[in-house]
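Reader: I am new to this structure and should like to understand the terms applied to it. May I ask for the reasoning behind each of them?

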Amino acid sequence: MFLSILSFLFILALVSESQAAGCRTLEFRATVSGKALTNHTIRTIQPIRDAQTCRTKCYMEPLCFAVNFCHNDGSETVCELLNNTSTIVHDKDLVNKKECTIYLSKSSCSSSPCPSNASCHGDFLRASVLYKCICPSGFTGKFCESDIDECAPNTSYCHKDATCNNSIGSYSCKCKGGYHGNGKTCQDIDECESNTHNCDAKALCNNTRGGFTCKCKPGLLGNGTFCRYPENCEDIRVNHPYPKDGFHNLKTAEGSVVERLCVFSDSYECGSGFWVLALKLNGQKTGNGYTSPLWTSDSAINQSLYKTTFEDDSIEIKLPAFWEHPVKKVCLGMKYLNVLKWVSATVNASSLRSLFESEKEIPTNSSRAKWTSLLSGAKLQRNCNKQGFNMKCGGFSTRIGYLANGENECKTCDSGIGFGILSWGCRHKYWGKYISPSSCYILVQ
């Protein structure tokens, strides 16, 4: 037995003057001289006047049930308020200290009515229950028997960008993926800035709250984590969600990257493959008619502005492909009322210029319906029906187009549609009525 209980009984009854409910009664029934209790101190008061004042302080502290009263160095007095000493289970809690005296009490908490994880707060006067169990954090209930679910809905123990994990008597917070912090506070990780994303080197990284997105740079195909150059125009048409007419970087079989024009308008009327822009004309402008030197010269026009081909109708462009590129197929486009439509024709020549220089009529196989489909409202007379390169009908001629007449001969055509027609770069005529497209295009392949 490690506690020596002295034979005399010391009783201290401390009751508030009002005797109101909630006040304590505490009886100090035993003293142990030359000893001190360790591992139970809840507060130290130093200095203190005497032992009775020390015991009074214990009464005023709800969790105090015993005191160590000591004379340090023979003069200074120290009061240590102790919690429920009935939980002493090891002799090591009791140590020899000749300058100290332990004052022990008997209370409603002496029988340890609360579970081991709770503190007993007892000796209440005029109360239906003489003690209360003070639950540790994470527990609730009369005897602290219920776990508090800190992760229940409408609680705010963790940050809104963290996940909460409840455990018995406790909980933990962990920031969600894409965030960093201790769970109580979480901050977004900028994966793009910290280079912790998995975007392709040819993609653009966009940071979002809790994550990021990858998007291939303009002109490339892929999902952002993998990006590649298209192999041909058909590759773009099939694999790009919104293929646009224009110049695209294409990867050749040898691995090099070249810039080529791809046209997708009007259900890809001209067919797949690489197309090269040779000529673009302003349909509202005169001066590029049949006799213009435009059709037989090798002078470039606005060559540096070729990338505006489908953006600005007013800019005219003539590129070296007009006189350098071999021709097996031409794609002819007219834009009217902001709608771009195409018709194709096959021909075999060393270049467009060589076709026009010869002045020779070279028929093609495009139909009347195809030609009139280029411009909404366009129509042609029923006879003559000459179509191709360098076509002439009396005083009516076109560098490439379709001419028709009301009579069953080709001497005086009164309707036509084409390029280099009359004094215009591109136009439609039906008797005395005209339709002028905003811009016209000649592509070669």
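Author: Certainly. We may begin with T101, which is buried in this predicted model.

Reader: Why is T101 called buried?

Author: The relative accessible area of T101 is 18%. Buried means under 20%, so T101 counts as buried.

Reader: Where is T101 found, and which residues does T101 touch?

Author: T101 is found in strand β5. Leaving out residues up to four places away in sequence, T101 touches T31, V32, S33, K35, V67, N68 and F69. The C-alpha atoms of T101 and A51 are 9.1 Å apart in space, with their positions 50 residues apart in sequence.

Reader: Which residues of helix α1 are buried, and what covers them?

Author: In α1, residues 51-60, the buried ones are A51, T53, C54, R55, C58 and Y59. Their cover includes β1, β3, β4 and β5.

Reader: What makes the approach of D50 to Q52 a polar contact?

Author: At the start of α1, a side-chain oxygen of D50 comes to within 3.4 Å of the backbone nitrogen of Q52. The cut-off for a polar contact between N or O atoms is 3.5 Å, so the pair falls inside the limit.

Reader: How many aromatic pairs does the structure hold?

Author: The structure holds 6 aromatic pairs. In one of them, the rings of F247 and Y306 have centres 4.8 Å apart and planes at 85 degrees.

Reader: Why is the pair of F247 and Y306 called edge-to-face?

Author: Ring centres must lie within 6.5 Å to pair, and planes over 60 degrees apart count as edge-to-face. With 4.8 Å and 85 degrees, F247 and Y306 therefore meet both conditions. F247 lies in strand β18 and Y306 in the loop between β20 and β21, so the pair ties together parts that are 59 residues apart in sequence.

Reader: How do you know whether F247 and Y306 are buried or exposed?

Author: The relative accessibility of F247 is 21%, and the relative accessible area of Y306 is 23%. Partly exposed covers values between 20% and 50%, so F247 and Y306 are each partly exposed.

Reader: What can be said of the ring pair formed by W295 and F356?

Author: The centres of the W295 and F356 rings are 5.2 Å apart and their planes stand at 80 degrees, so this pair is edge-to-face. W295 lies in the loop between β20 and β21, whereas F356 belongs to helix α6; the pair therefore ties together parts 61 residues apart in sequence. W295 is buried, at 0% relative accessible area, and F356 is buried with a value of 0%. Ring pairs link W295, F322, F356 and F389 into a cluster.

Reader: What makes K318 a charge over the ring of F322?

Author: The charged end of K318 sits over that ring, 4.6 Å from its centre. The distance limit is 6 Å, so K318 satisfies this part of the criterion. R399 lies over the face of Y290, at 4.0 Å from the ring centre.

Reader: Which residues of the largest nonpolar core touch the most other members?

Author: Of its 35 residues, these are W295, V330, L352 and F419. Elements that each supply at least two residues of this core include β20, α5, β22 and α6. Apart from this core lies another, of 15 residues, among them I45, C58, Y59 and C79.

Definitions and conventions:
Residues numbered from 1 in each chain as written. Predicted model: local features only at pLDDT ≥ 70, side-chain atom pairs only at ≥ 80, totals over all residues. Heavy atoms only, no water. Buried < 20%, exposed > 50% of the residue type's maximum accessible area, 1.4 Å probe, protein only. Helix = DSSP H or I, 4+ residues; strand = E, 2+ residues; numbered from the N terminus. Contact = heavy atoms within 4.5 Å. Polar contact = N/O pair within 3.5 Å; in protein donor to acceptor, adjacent residues only side chain to side chain. Phe/Tyr/Trp six-rings, centres within 6.5 Å; stacked < 30°, edge-to-face > 60°. Lys NZ or Arg CZ within 6 Å of the ring centre and 35° of its normal. Core = buried A, V, L, I, M, F, W, Y, C linked by side-chain atoms within 4.5 Å.
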